[in-house]
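This report introduces one strand with its pairing partners, and then a charged region of the surface. The reader is invited to follow each element in the display below.

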Amino acid sequence: MKQKSIVLLLLICLVSALVLPAAATEVPAVETPVTDFTPLDTTAPAEVFTGVPGSALLIELNSGVTLFAHNAAERRYPASLTKIMTALLALEHGNLDDQITVSETAFENLHEDGSTVGLQAGEIISLKDLLYCIMVASANEACNVIAEYISGSVDAFVALMNEKAAELGCTGTHFANAHGLHDENHYTTAQDLALIVQAAMAYPEFREISNTPQYTVPATNMSEERKLYSTNKLISTTTDTSGGNYYYSKAAGIKTGFTTPAQRCLISTATNDNLQFLGVILYAENAYNEETGSYDFRSFPEFINMCEYFFERYQYTTVLTTLYPVAEMPVNQSAGAQTVALAPVAEIRSLVSQDFDPETVQLNVQLDYESVDAPVEAGTVLGSVTVLLGDKEVGTVDLAAITSVVRSEVTHRAEATREYVEDNWWKWLVGILLLIVALIVLCFFLLQLYRRRERKRKVAARRRALEMRERQERLREYSPPDWDDSWKE
């Protein structure tokens, strides 16, 4: 019993090893498509690749930086990378649940050696399964079926493809068919393909389908179920080793392509730690492998070479964290601290070299005020900070108070009074002037009153003096004559 348990555990581990790696990495979503293809790194292609492809492009999706470019604006034949545009238009204009009948005309102008899933005229299949047919197994006839479903005819659909390319900003692209079989007038560039694939990556269905190593198409009215295996050997876990075994655990999606004029073409993504790459390889020539007696599909190892080269040399890291304050602001009328610390409300991350020195980060702080009055709530935005790496501006983010500051009511009232006086000085001046005028008027009134009383007093005094004088005169007039006092002798 114990031995059976051990055997079962080993089987589970084996199945996990085979299945889980394929699901470990997902095609990332693109929030802001990269449109500037000026490379950050100008390393010579010979240092990056074993055999230099005709064109190559590497974009770091987190930062939106074009990391590396080699002949990215030169016209190339895209082969089956064309199917990315076909899938994009199907998702944009179609309904995945729609059931589509394969027509006779869907098989016109196809190469007998081209990729196929064996669709038949009159077969009914859903748009969703057709997308798996073109993105997983690279079926050419399925592209024509989609084209007729979306636009009514292949020619009308090709016109729509060119319209969409122009809308996305493609300047070196012209489509002549929906599948990518060779045509002299069917060409594009690595940077145009980057625009197209980023638009497709906006659809979750595209990211899921393009990252599917194998898929089973349900039975239809004319076929048993079909097993599809991805042509992208970077994500394939099957035992098929034709062209080499290139499983790359960091890779996810998206599409391969091959014709003799186009050689090996590939668009894929790769993720390592915080880096997310979108890479394009065009015209990677097959190389004969004497050990295996077959040709190596050089698009896969060159994609791996490009990703690993830059994984080793770059990192996407935090250059400004929210954990530490970068400035402070004086707080007026505070009941406690006289300043409040300010920290970024969001972190800023950037693509930097592996030997990046945090000491080289420069911060340009802009405060909204010289000081702020209490109370201050935590999270109140009071400024901003711009991060510079050398002379390059990385980003700008708001600065907010990291703590709350309580107001001192005593200080607040005193300050309010002072401010009121300062703000209304003219009122006080007018009031003082009016008071002075009132005092002058009052003094004048009191003075007049005093003078009036003094006049009355003086008049009354003169009247009393006159009356006294008159009384004395009357007394003198009526007093008896002097008597002779001689008799006393």
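Two strands are taken to pair if DSSP finds at least two bridges between them. The model described here is predicted.

**Strand S1 and its partners**

Strand S1 covers residues 55–60. S1 forms a hairpin with S2, and four residues lie between the two strands. In the turn, Gly64 has a positive phi of about 70°. The pairing of S1 with each partner strand is set out in the following table.

| Partner of S1 | Sense | Bridges | A residue pair |
|---|---|---|---|
| S2 (residues 65–70) | antiparallel | five bridges | Glu60 and Val65 |
| S9 (residues 275–284) | antiparallel | six bridges | Leu58 and Gly279 |

Is strand S1 enclosed by the rest of the structure or open? Six of the six residues of S1 are buried, so the strand is largely enclosed by the rest of the structure. Burial here stands for a relative accessible area under 20%. Both faces of S1 are covered. On one side the buried residues are Ser55, Leu57 and Ile59, while Ala56, Leu58 and Glu60 are buried on the other.

**A positive patch on the surface**

A patch of positive charge on the surface gathers Arg451, Arg452, Arg453, Arg455 and Lys456. Arg451 belongs to helix H11, which spans residues 425–478. Arg451 counts as partly exposed because its relative accessibility is 42%, a class that lies between the limits of 20% for buried and 50% for exposed.

Definitions and conventions:
Residues are numbered from 1 along each chain as its sequence is written. This is a predicted model: local features need pLDDT of at least 70, side-chain atom pairs count only at pLDDT 80 or more; totals for chains, interfaces and linings use all residues. Side-chain values use heavy atoms; hydrogens and water are left out. Patches are made of residues with over 30% relative accessible area and no salt bridge: like charges are joined within 9 Å, nonpolar side chains (Val, Leu, Ile, Met, Phe, Trp, Tyr) within 5 Å. Accessible areas come from the Shrake-Rupley method with a 1.4 Å probe; for residues, only the protein chains shown count as cover. A salt bridge is a side-chain nitrogen of Lys or Arg within 4 Å of a carboxyl oxygen of Asp or Glu. Lys and Arg count as positive and Asp and Glu as negative; His and the chain ends are not counted. The place of a charge is taken as NZ of Lys, CZ of Arg, CG of Asp or CD of Glu. Buried means under 20% relative accessible area, exposed over 50%, partly exposed in between (1.4 Å probe, protein chains only).
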